[in-house]
Amino acid sequence: MKFGTKAIHAGVHPDPSTGAIMTPIFQTSTYVQRSPGDNKGYEYSRTHNPTRTQLQDALAALDNGKHGLAFASGMAAIDCIVKLLQPGDEVISTNDLYGGSYRLFTKVYATYGIKFHFVPMHDMTAVEAAVTERTKLIWVETPTNPLLNVIDIAAASAVAKKAGALLVVDNTFSTPYLQTPLALGADMVMYSLTKYMAGHSDTVMGAVVVNDDQLHERLSFFQNACGGTPGPQDCFLVLRGLKTLHIRMQRHCENGRKVAEYLKSHPKVGKVYWPGFSDHPNHEVAAKQMNDFGGMISFVLKGDVKDDAIAVLEKFQLFSLAESLGGVESLSGHPATMTHASIPAEERRKAGLSDSLIRLSVGIEDAEDLIEDLKQAIG
Ligand SMILES: *Cc1c(COP(=O)(O)O)cnc(C)c1O
């Protein structure tokens, strides 16, 4: 089955009791048992809920994976994965990681005795150099946020296999429409469903997709034991969003290209970060592992002055200044003070994240209107 057909049909079935074509919102905490232990597969909604089951099956199908697990947020999904580790274990991740992941790793799990190494992962020799006999997890996010570096998933998988470590890919920016990391050797794919997957800026949720049965068993144990599970209404909203994922992503990519090219030609704009440019340092890797290049773009103004960037952000009419990304509407952000404020200034500078950097999540409006907005804001 092709991607668009799967986005609409995979994992979901008409409701057997009524024929309802859309998955009902099973707003229930518990399920009646005929006799102790004699139930219909559902006992308590933290453990299982039919709306969540259909979403988890749909998510697994989109990534060509075997098992999906849904969580109350992307962070709850990440938290569940890190719980696979023990004190003394080591993790290698990228140095321009999503700020919330960085905060969870360094402020929570580092205090439990897990060691994190942050390296520029688009350079695989830096990853190899950080491997020790205690490396248990390699955490890839690609393209990275906000510098849009592209990390070679197949190469990271080879390093992980040699090290005997598990490979996780945070696929939030790409979605399975653009890349399917399990096919490239990842053990786990992780999502903030809040972004492109749900796609309408109306819910916060996360997910993990895996192939391995044992890994699934351990993760579902933590999912239930620790309890970061989503409610059925949110699962319904994500299921609804997934049905247009392919159409939305197609337009995000088309608009992304037009906006990136406009910015690149603008006399007041300095560097533009977008993996679709043939002179992007990781363009070849992007072209190899992605089906298209997405709608996330970052740029700096010539002169690299923070106040100039803030003036542009204040002038935007359509690119609303807000946290988050991946919704139908275009958003703008200032990573240094918003999404990446939890990363120390020195670390940010080391990763090349300037205080004047502007990040755009290009929505699915008409590209002409988006370019008009950029024109009036940049001047
Ligand atoms: C938003 C985001 C997260 C965290 O997800 P939440 O749903 O906000 O908890 C993790 N990774 C990336 C790349 C994100 O953009």
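These exercises explore a predicted model with a bound ligand.

**Exercise 1. Find which residues are closest to the ligand, and sort its shell by class.**

Solution.
- Step 1: Count the surroundings. The ligand has 13 residues around it.
- Step 2: Pick out the closest. They are Met-75, Asp-170, Ser-192, Thr-194 and Lys-195.
- Step 3: Sort the shell. It holds 5 nonpolar, 5 polar and 3 charged residues.

**Exercise 2. Look for ligand oxygen atoms paired with polar atoms of Gly-74, Met-75 and Thr-194. Decide for each residue whether backbone or side chain takes part.**

Solution.
- Step 1: Set the limit. A polar contact needs a pair of N or O atoms within 3.5 Å.
- Step 2: Take Gly-74. A polar atom of its backbone is 2.9 Å from a ligand oxygen.
- Step 3: Take Met-75. Here too a backbone N or O atom takes part, and the distance to a ligand oxygen is 2.9 Å.
- Step 4: Take Thr-194. This time the side chain supplies the N or O atom, 2.7 Å from an oxygen of the ligand.
- Step 5: Check how far the ligand is covered. Alone, the ligand exposes 380 Å², and the protein buries 93% of that area.

**Exercise 3. Describe the pocket whose space the ligand takes.**

Solution.
- Step 1: Identify the pocket. The ligand occupies the space of the largest pocket.
- Step 2: Give its volume. The largest pocket has about 450 Å³.
- Step 3: Walk along the lining. It has 31 residues, and Met-75, Tyr-98, Ser-192, Lys-195 and Ser-324 are the closest to the pocket centre.
- Step 4: Name the elements. Helix 3 (74-82), helix 4 (99-108) and strand 6 (188-192) each give two or more residues to the lining.
- Step 5: Sort the lining by class. It has 10 nonpolar, 14 polar and 7 charged residues.
- Step 6: Link back to the ligand. Met-75, Ser-192 and Lys-195 are among the residues closest to the ligand, and they are also among those closest to the pocket centre.

**Exercise 4. Locate the cis peptide bonds that lead into Pro-143 and Pro-146.**

Solution.
- Step 1: Read the bond from Thr-142 to Pro-143. It is cis, with omega near -5°.
- Step 2: Read the bond from Asn-145 to Pro-146. It is cis, with omega near 10°.
- Step 3: Place the prolines. Pro-143 is in the loop between strand 4 (135-141) and helix 6 (153-163). Pro-146 is in the loop between strand 4 and helix 6.

**Exercise 5. Place Asn-64 and Ser-201, and give phi for each.**

Solution.
- Step 1: Start with Asn-64. Its phi is positive, near 50°, and it is not a glycine. Asn-64 sits in the loop between helix 2 (50-62) and strand 1 (67-71).
- Step 2: Go on to Ser-201. This non-glycine residue has a positive phi of about 50°. Ser-201 lies in the loop between strand 6 and strand 7 (206-210).

Technical notes
Residues are numbered from 1 along each chain as its sequence is written. This is a predicted model: local features need pLDDT of at least 70, side-chain atom pairs count only at pLDDT 80 or more; totals for chains, interfaces and linings use all residues. Side-chain values use heavy atoms; hydrogens and water are left out. A residue is near a molecule or strand if one of its heavy atoms lies within 4 Å of it. A polar contact is a pair of N or O atoms within 3.5 Å; within protein, one must be able to donate a hydrogen and the other to accept it, and residues adjacent in sequence count only if both atoms are side-chain atoms. Accessible areas come from the Shrake-Rupley method with a 1.4 Å probe; for residues, only the protein chains shown count as cover. On a 1 Å grid over the protein atoms alone, a cavity is a set of points where a 1.4 Å probe fits but cannot get out, and a pocket is an open set with protein on both sides within 12 Å along at least five of seven lines; lining residues have an atom within 4 Å of a point. A molecule sits in a cavity or pocket if more than half of its atoms lie within 2 Å of its grid points. Ala, Val, Leu, Ile, Met, Phe, Trp, Tyr, Cys and Pro count as nonpolar, Asp, Glu, Lys and Arg as charged, and the others, Gly among them, as polar. Grid points are joined across faces, edges and corners, and a volume is the space filled by probe spheres set on the points. Helices (H or I, at least four residues) and strands (E, at least two) are DSSP runs, numbered from the N terminus.
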